Amino acid sequence: MTSARGNGQTLAEKVLARASGSERVVPGQIIEGAVDLAMMHEQGAQTVAPYHQMGAERVWDPDRVVIAIDHWVPASTEGAAVLHRILRKFAAEANLPHFYDVGQHGICHQILAENGWVVPGDLAVGTDSHTNMLGAMGAFATGIGPTEMAAVLALGRLWLKVPTTVGIRVKGSFGPGVTAKDLVLRIVGEVKTTGAAYRAVEFSGPTIERLSMPQRFTLCNMTTEMGAKAGMVAPDSTTFDYLASIAKHAMHPLQPDRDAAHERTIEIDVDGMVPMVACPYSPDNVRPLPEVAREHVRIDQAFLGSCTNARIEDLREGAALMKGQKVAKGVRLIVSPASTKIYEQCLGEGIIEIFTHAGAVFTNSSCSACFGGNMGILAPDETCASSSNRNFPGRMGAKEARIYLMSPAAVVASAIRGEIADPREFA
Amino acid sequence: MEKIIEGQVWTLGRDVDTDQIISGKYLTVIDPAELKKHVFEIALPEFASAARPGDILVAGENFGSGSSREHAPQAMRAAGVGAILADSFARIFFRNAINLGLLAIEARGVREIFGAGQTARIDLTAGRVTNLTTGRWLDFPPIPSHLLSLLEAGGLVEKVRRELEARRALPLQSGASR
């Protein structure tokens with residue numbers, strides 16, 4: 001680990017300077033940031049009461065507000081139905097046109113990404129902790145609670161303490177069967193769940209430059225598991241190509257200075273890296289997957305889904321392994337695409353057929369089994385191999401249930417074998 | 001806001017995430033009275049039935065990590081928690097707590113000086129927490145002014161309400177637009 005102390009500004013500082021209308025900002029400074037995009041999922045239902053209690057008369061900019069329901073779609077309980085109802089009513093009353101309701105739905109972060117709602121230079125906030133994912137656009141994107149969101153809707157701004165930045169520089173090439181998920185698990189394992197607390201994480205280096213947007217989303221998504229306020233990648237031609245035909249508003253493609261002052265810089269070489277797995281009960285309890293595979297960890301459920309890893313690229317990878325194989329007896333494989341758009345792509349590419357033939361359950365798009373509140377709930381003595389981002393006690397149901405986090409390919413490999421398996425053995 | 005807070009202590013370990021405070025199956029519950037029944041179901045199962053208003057929680061590192069769910073501080077507020085002290089907080093939980101007017105104080109080393117059932121005394125002016133049972137004490141950094149103003153207003157709702165009210169009053173007086 002090295003420490004760089006220049007006079008330049010990091011990407012996070014530049015975006016927050018822009019948001020606060022100042023030349024530059026320094027870590028520790030409290031700023032009032034103008035919000036470029038505000039996103040709510042079901043938790044936004046709890047925004048409505050405080051919004052009215054504040055005496056707000058109108059939303060600061062209805063064109064910068066997105067509502068995307070995703071946790072219970074369609075509503076699976078009366079409680080969820082009520083949350084949806086509150087949001088629909090509020091959207092109608094407050095004239096919020098950008099509501100991704102049942103039929104256009106998807107996981108909120110994926111909805112923002114694939115529709116170009118967050119662009120380089122934005123300050124974006126959402127009522128979900130994994131809003132960090134959108135930092136892959138070269139934006140400062142972070143999670144807030146629903147009362148805070150009420151203030152954002154009323155005022156169009158929020159206070160933020162300018163964070164220090166942890167630089168993560170990555171070089172080398174992924175071997176076969178090794179993905180951005182394995183990289184981010186390895187990083188969480190090193191940095192630990194508090195290692196980047198309150199900080200911005202900025203990914204750079206030749207490996208990052210070669211990553212696709214979906215892979216960058218996976219990386220930035222799990223900066224939340226390092227405690228980070230934001231996870232960011234400087235925008236480049238990959239970003240601009242991705243957003244070319246979908247960007248919803250003007251970009252401000254800011255770049256970090258070469259001599260930016262990082263709190264610390266972590267150097268990582270992925271040459272020769274093996275697949276990784278986060279073992280119960282913390283995302284930072286990371287071990288090399290081949291080592292865990294040798295212990296023959298039997299699984300009851302496998303989950304290929306979540307905002308971390310349920311994009312078309314992830315499902316293609318999984319389907320390539322699944323084709324011609326069967327889900328092991330006694331294992332439930334749940335596959336849930338991140339959006340309706342991705343669901344349609346799967347339909348067109350025969351991916352739904354591959355998984356269904358293999359004995360998997362291919363579901364409608366939603367957060368699905370990730371959060372233990374809708375479907376795919378685990379019993380106390382059960383074990384799950386999952387492509388999601390958290391494995392804390394009780395995350396997917398019973399507090400004793402054991403969740404192992406891994407790449408989409410490793411989830412499918414494990415579903416085929418009935419125990420945690422190295423996807424490279426199936427190539 | 002009271003400057004001196006006293007209460008009986010409940011202790012928690014490190015990395016108590018929001019699932020352990022209020023788990024995913026209760027996320028469709030918006031009634032605080034109902035949430036209160038399930039608070040700390042995973043981390044401290046006896047809390048919900050035995051806690052009394054004004055009790056103080058003392059936790060280790062990274063309290064409230066995980067999701068952005070405001071149900072966590074809401075359930076704690078509904079249970080009448082007087083304050084939550086921790087070696088450190090996860091960021092969204094901390095913001096949510098202050099926004100709801102729930103006193104959350106970062107005091108490094110606090111977990112070590114408290115055992116369950118002991119009595120804590122928090123002096124906000126002096127920035128000191130004292131274990132009245134053992135006499136041990138610890139100073140914590142002053143609460144920053146932007147957070148203190150939020151807590152003194154009783155939370156973010158009231159603060160924004162006042163701000164919007166002041167804003168509406170302005171053009172009437174000066175005729176100037178903002």
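Here is a short conversation about a predicted model, covering a contact between two chains and a sheet in chain A.

Residues are numbered from 1 along each chain as written, with chains lettered from A and ligands numbered from 1 in written order. Local features need pLDDT of at least 70 and side-chain atom pairs count only at pLDDT 80 or more, while totals for chains, interfaces and linings use all residues.

Colleague: Which helix gives the largest share of the side of chain B that touches chain A?

Modeller: Contact here puts C-beta atoms, placed from the backbone, within 7 Å, and the interface takes 35 residues from chain B and 43 residues from chain A. Helices (DSSP runs of H or I, at least four residues) and strands (runs of E, at least two) are numbered from the N terminus. On chain B, H1 (18-21), H5 (91-99) and H7 (156-174) each supply at least two residues. The largest share, six residues, comes from H7(B).

Colleague: Nice! Which are the edge strands of the open sheet in chain A?

Modeller: Strands pair if DSSP finds at least two bridges between them. The four strands, paired in parallel, have the order S10-S9-S8-S11. Pairing on one side only are S10 (230-233) and S11 (264-269) of chain A.

Colleague: And what is the bridge partner of Ile168(A) in S11(A)?

Modeller: Happy to trace that one! Strand S8 (residues 165-171) of chain A runs parallel to S11(A), and six bridges join them. In S11(A), the partner of Ile168(A) is Ile266(A).

Methods
Contact = placed C-beta atoms within 7 Å.
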